[in-house]
Amino acid sequence: MIPTNYKTLCETHYYVLQNTTVVDPCMSKNEKWLQAEHKRSFSSWFKRKIETEIARPENTISQQIRWLAHEPKRDVLSYSGYGIGGYYYNTSDHDSRSTTQNSGVMVEAESLHMSIAKDKNPIYANMLYYGVIEDIWELNYTQFKIPVFRCKWVDNKSGVKVDENGFTLVDLNKEGDPNDQFIFASQAKQVFYVNDPNGGRWSVVLTTKPKLYDRGDVCDNIEETPSFSRGLPESDDIDNEDVAYVREDCEGIYVEEDTTSRKKRKKT
């Protein structure tokens, strides 16, 4: 358990509110604009709004919304490893002291696109983002907990490309927006980065299949998913016995996948 600084905690709480579907019905169209434009004040505004609604005898505010309206507890549980959705993840710091790699992560996010800087009709489109996990936290909202990953993302404009063979390559030194770091653990997909055999600063992105975790009376039977990029190889297809991709010598922390979250949104 670590005492997280208040600014970072507020940023994490804001992400939870911004990406939880049950929050949407509580806001009008104009209030959703407020959510996007006033990041610093949105959490306190949302708390006051819910408190006002609760004061009405005929209110229908759910318990989940009531607890979300309050900030999570200041003391945050921190882990170096976490198991969810058929994957086992580590932080990059843990990976730096290990012979295996489990900190690579990918997320599909809804991003705002503009053709020019003054575009008055921007559109949202899905994009894939690649990064590494810096921290694994569990936010405590008293009645429930929400696991989140704080990640360092690769800049999609200068740090991601597809080569002539269809392989996705990333430059892990090209960092994206440092103010947009968080995702729900349930949103993550695990990837691995292998140095490009042609040399240079680029790494080849590899995907992997979720594992079948048997926890006694609970069993995560995860269906296989296809590769997320054209021509992208799976780690199981790489003939390299000297590389170990997944740790199997330690226990993870398993949680049920969050069914309330929606796709992460990013601004580009």
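Arginine 56 is partly exposed, with a relative accessible area of 42%. Its salt-bridge partner is glutamate 53, and the closest N and O atoms of the two are 3.6 Å apart. Glutamate 53 is partly exposed as well, at a relative accessible area of 22%. Buried means under 20%, so glutamate 53 at 22% does not count as buried. The model described here is a predicted one.

Now the overall plan. The protein has 5 helices and 15 strands. It is 268 residues in length, and 45% of them count as buried. Take the contacts between residues at least 6 apart in sequence: 65% of these join residues at least 24 apart.

Start with helix 1, residues 6-18. Does its length fit its residue count, or what span should one expect? The helix has 13 residues, and at 1.5 Å a residue they should span 18 Å. The end C-alpha atoms are 18 Å apart, which agrees. Burial comes next. In helix 1, 10 of the 13 residues are buried, so the rest of the structure largely encloses this helix. Among the buried ones are Thr8, Leu9 and Glu11. The buried set also includes the run Thr12, His13, Tyr14, Tyr15, Val16, Leu17 and Gln18.Next, the nonpolar interior. The largest nonpolar core has 38 residues. Which of them touch the most other members? They are Phe46, Phe149 and Ile183. Another core lies apart from this one and has 8 residues. Tyr130, Val132, Val170 and Val191 are among its members.

Phe149 also turns up among the aromatic rings. Ring pairs link Phe149 with Tyr87 and Tyr89 into a cluster. Across the whole structure, a search finds 6 aromatic pairs. One of them joins tryptophan 137 and phenylalanine 182. Their ring centres are 5.8 Å apart and their planes stand at 40°, so this pair is tilted. Tryptophan 137 sits in strand 6 and phenylalanine 182 in strand 10. The two are 45 residues apart, and their pairing links distant parts of the chain. Both residues are buried.

A further ring pair is formed by tyrosine 141 and phenylalanine 144. Is this pair stacked or tilted? The centres are 5.6 Å apart and the planes are at 20°, so the pair is stacked. The cut-off for stacking is planes under 30 degrees apart. Tyrosine 141 is buried, with a relative accessible area of 2%.

Threonine 142 has a different story. Where is threonine 142 placed? It is in the loop between strand 6 (123-140) and strand 7 (145-153). Its phi is near 70°, a positive value in a residue other than glycine. Threonine 142 is partly exposed, at a relative accessible area of 42%.

Strands 6 and 7 are also joined by charge. Aspartate 135, in strand 6, and arginine 150, in strand 7, are 15 residues apart. They form a salt bridge whose closest N and O atoms are 2.6 Å apart. Are these two residues buried or exposed? Both aspartate 135 and arginine 150 are buried.

How many salt bridges does the structure hold? There are 4. Another of them pairs aspartate 171 with arginine 201, and here the closest N and O atoms are 2.5 Å apart. Aspartate 171 lies in the loop between strand 9 (168-170) and strand 10 (182-184). Arginine 201 lies in the loop between strand 11 (189-195) and strand 12 (203-207). The pair therefore ties together parts that are 30 residues apart in sequence. The two ends differ in burial. Aspartate 171 counts as buried at 2% relative accessibility. Arginine 201 is partly exposed, with a relative accessible area of 47%.

One last loop remains. Threonine 100 is found between helix 5 (92-96) and strand 5 (104-113). Its side chain is joined to that of serine 98 by a polar contact of 3.0 Å. Why does threonine 100 count as buried? Its relative accessibility is 11%, and buried means under 20%.

Definitions and conventions. Residues are numbered from 1 along each chain as its sequence is written. This is a predicted model: local features need pLDDT of at least 70, side-chain atom pairs count only at pLDDT 80 or more; totals for chains, interfaces and linings use all residues. Side-chain values use heavy atoms; hydrogens and water are left out. A nonpolar core is a set of buried Ala, Val, Leu, Ile, Met, Phe, Trp, Tyr and Cys residues joined through side-chain atoms within 4.5 Å. Buried means under 20% relative accessible area, exposed over 50%, partly exposed in between (1.4 Å probe, protein chains only). Helices (H or I, at least four residues) and strands (E, at least two) are DSSP runs, numbered from the N terminus. The expected span of a helix is 1.5 Å times one less than its number of residues. A salt bridge is a side-chain nitrogen of Lys or Arg within 4 Å of a carboxyl oxygen of Asp or Glu. A polar contact is a pair of N or O atoms within 3.5 Å; within protein, one must be able to donate a hydrogen and the other to accept it, and residues adjacent in sequence count only if both atoms are side-chain atoms. Rings of Phe, Tyr and Trp (its six-membered ring) pair if their centres lie within 6.5 Å; planes under 30 degrees apart count as stacked, over 60 as edge-to-face and the rest as tilted. Contact means heavy atoms within 4.5 Å.
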